[in-house]
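Hello,

The structure we talked about is pasted below. My notes on it follow.

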Amino acid sequence: MQGLMMDYQLTVDRILEHANRFFAHKQVITKQPDGSIHRYTYGDMYRRVKRMAKALVQLGVQPGDRIGTFSWNNYQHLELYYAIPGAGAVCHTLNIRLHPDQLAYIINHAEDKLIFVDGTLLPALERLADQLPTVEHVVVFNAPREVQSKLPGLLHYEDLVAQSDEDFTWRCTDERQASVLCYTSGTTGNPKGVLYDHRALFLHAYGECQANALGLCELDTVLPVVPQFHVMAWGLPFGCPMAGANMVMPGPHLNPAALAQLIEDERVTVAAGVPSIWNGLYQELRSKPRDISCIRALVVGGSAMPRGLIEAYERDLHVNVMHAWGMTEMSPLGTVSIPHTQHQQLSQQEIWDIKALQGYALAGVELRIVNDAGEELPWDGTTMGELQVRGPWITKGYYKVEPAPESFTADGWFRTGDVATITGDGYMCITDRTKDLIKSGGEWISSVALENKLMAHPKVVEAAVIAIPNQQWGERPLAAVVLAPNASANEEELIGYLAESFAKFELPDKIVFVAEVPKTSVGKFDKKVVRQRFAEGQLL
Ligand code: AMP
């Protein structure tokens, strides 16, 4: 047929081929468990990936087999992102922070055939040694060659690389083949698996590289603090080699001082992580200043970045913050909030307001908000509705869960479970999760808006707002607040402060002071646990 394009499969091996062809000299820098720096190039990585992919096939790995990874962010984990799909199999990233029962559930649900494990995490996996019937081999790296374990069929990563060679043809020929599997953090019930095909990850990498998004390019040096087991470090292991950007992998060294040092030493230009990481880094840099002027974008997502923290970074440290929103089900990136031409006349305060929004969609993602009847709502910046999305890197179902009708609309949109407003010029703002919204006397109260305001108070470092049952109103807000070190404030002072910005009915009935807001395995506020503590009478 005339006018149609050639049949070119969007498979991730082609990203690595591109990096090897054009950016073979660019670097992957890893901070190893012992604190030393491992440095090699995309060219070196390419050759080791080919060897590992061949070794996998020689071990009997078949197309579509699931192969687990249990690791920090490091060069070996990066190699596996290409070697496993390159061998035609599925790279199943396991969250190292999960409870052993949940971990066993996920490995068995996915029926992982092999598991690759970072030696520093071997003891954590060994606790499951007698619960892994499908696992034939465990392959260890960052461990001595003679390491012993009661895990099945222990092999050493470096032996596999050494015994193999580079004469290997990629086994991914169809862009619709599965390449990576991630399970959602599972705030309710068992975690659900999202299976990404090659095409989704390839297009997502393009999306990330868009100048209106992260704008990754050859000049960048990118530090994914977000773990590779949390939605593939937000796809950066595919976006960076595509762009030819250097990568800096922090290994297990995620404390603020270590991160600050790494950013300064390696002249990082883009760093990506959840708000709690950047909160810690900010406190560190305030007490011990370092030169991080190299950063052109501090990318933050996974939960709402408090406006106060955006302002603090930009005002005090002159670091540009880039707020992004996404989900495991979206590979994960959906939106970014970067001010545009129409904002050029705004004051600095108003610019920070824009940056605190979750932002506009990447080209490739469509957004809409709907009411309970499924009717589309206006983009006026105030009307709240359930946020729905569709696009080429958004899942159409969960792994081995069929069907999942509650997550999708009849006309093919994914129901995010987030509640949002969208401004006339397309800037989306998450006001809540559907299950976290507070309904008081028939009126909705946004827990996120209250949290953001509280966290903008100079004496507050963390705040989580939950709904508590109330006979008269149905539900009322309660805020659990963590004060800054050596700060003192009482309930009255904080309520008075909130009253400057919120209607009376929106003000929390109660503010309780806690030492820490409980967090999920990926560092988000765990409101399920806050609710549980309230129910157990611990927050009275
Ligand atoms: P996960 O799949 O674990 O990454 O969680 C996805 C959910 O995290 C989204 O549905 C949102 O509720 C929340 N989330 C992610 N990014 C943001 C953000 N920038 N602001 C507010 N919530 C966010």
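The side chain of His253 comes to 2.7 Å from the backbone oxygen of Gln32. Please keep in mind that this is a predicted model.

His253 sits in a loop, with strand 11 (246–249) before it and helix 10 (256–266) after it. Its relative accessibility is 16%, so His253 counts as buried, the cut-off for buried being under 20%. If neighbours within four places in sequence are set aside, the contacts of His253 are Lys31, Gln32, Pro33, Gly35, Ala258 and Leu259. Gln32 therefore appears twice for this residue: in that contact list, and as the owner of the backbone oxygen reached by the His253 side chain, where a polar contact needs N or O atoms within 3.5 Å.

Next, the salt bridges. Side chains of opposite charge can pair when their charged atoms come close. The count for this model is 31 salt bridges. Three of the pairs are described here.

Glu266 and Arg39 form one of them, with 2.8 Å between the closest N and O atoms. This pair joins distant parts of the chain, since Glu266 belongs to helix 10 and Arg39 to strand 2 (residues 37–41), 227 residues apart. Glu266 has 14% relative accessibility and so counts as buried. Arg39, at 42%, counts as partly exposed.

Arg48 and Glu79 also meet through their side chains in a salt bridge, at 2.7 Å from N to O. Here the link runs between helix 2 (residues 42–58), which holds Arg48, and helix 3 (residues 75–86), which holds Glu79; the two residues are 31 residues apart. Both Arg48 and Glu79 are buried.

In the third pair, the side chains of Arg307 and Asp353 form a salt bridge at 2.5 Å, N to O. Arg307 is in helix 12 (residues 307–317) and Asp353 is in helix 13 (residues 348–356), so distant parts of the chain are linked across 46 residues. Arg307 counts as buried because its relative accessibility is 19%, and the limit for buried is under 20%. Asp353 is at 40% and counts as partly exposed.

Arg307 and Asp353 also belong to a network of salt bridges, which links them with Arg286, Glu311, Arg315 and Asp316.

Which residue offers its backbone oxygen to the side chain of His253? That is Gln32, at 2.7 Å.

Regards

Note on methods
Residues numbered from 1 in each chain as written. Predicted model: local features only at pLDDT ≥ 70, side-chain atom pairs only at ≥ 80, totals over all residues. Heavy atoms only, no water. Helix = DSSP H or I, 4+ residues; strand = E, 2+ residues; numbered from the N terminus. Buried < 20%, exposed > 50% of the residue type's maximum accessible area, 1.4 Å probe, protein only. Polar contact = N/O pair within 3.5 Å; in protein donor to acceptor, adjacent residues only side chain to side chain. Contact = heavy atoms within 4.5 Å. Salt bridge = Lys/Arg side-chain N within 4 Å of Asp/Glu carboxyl O.
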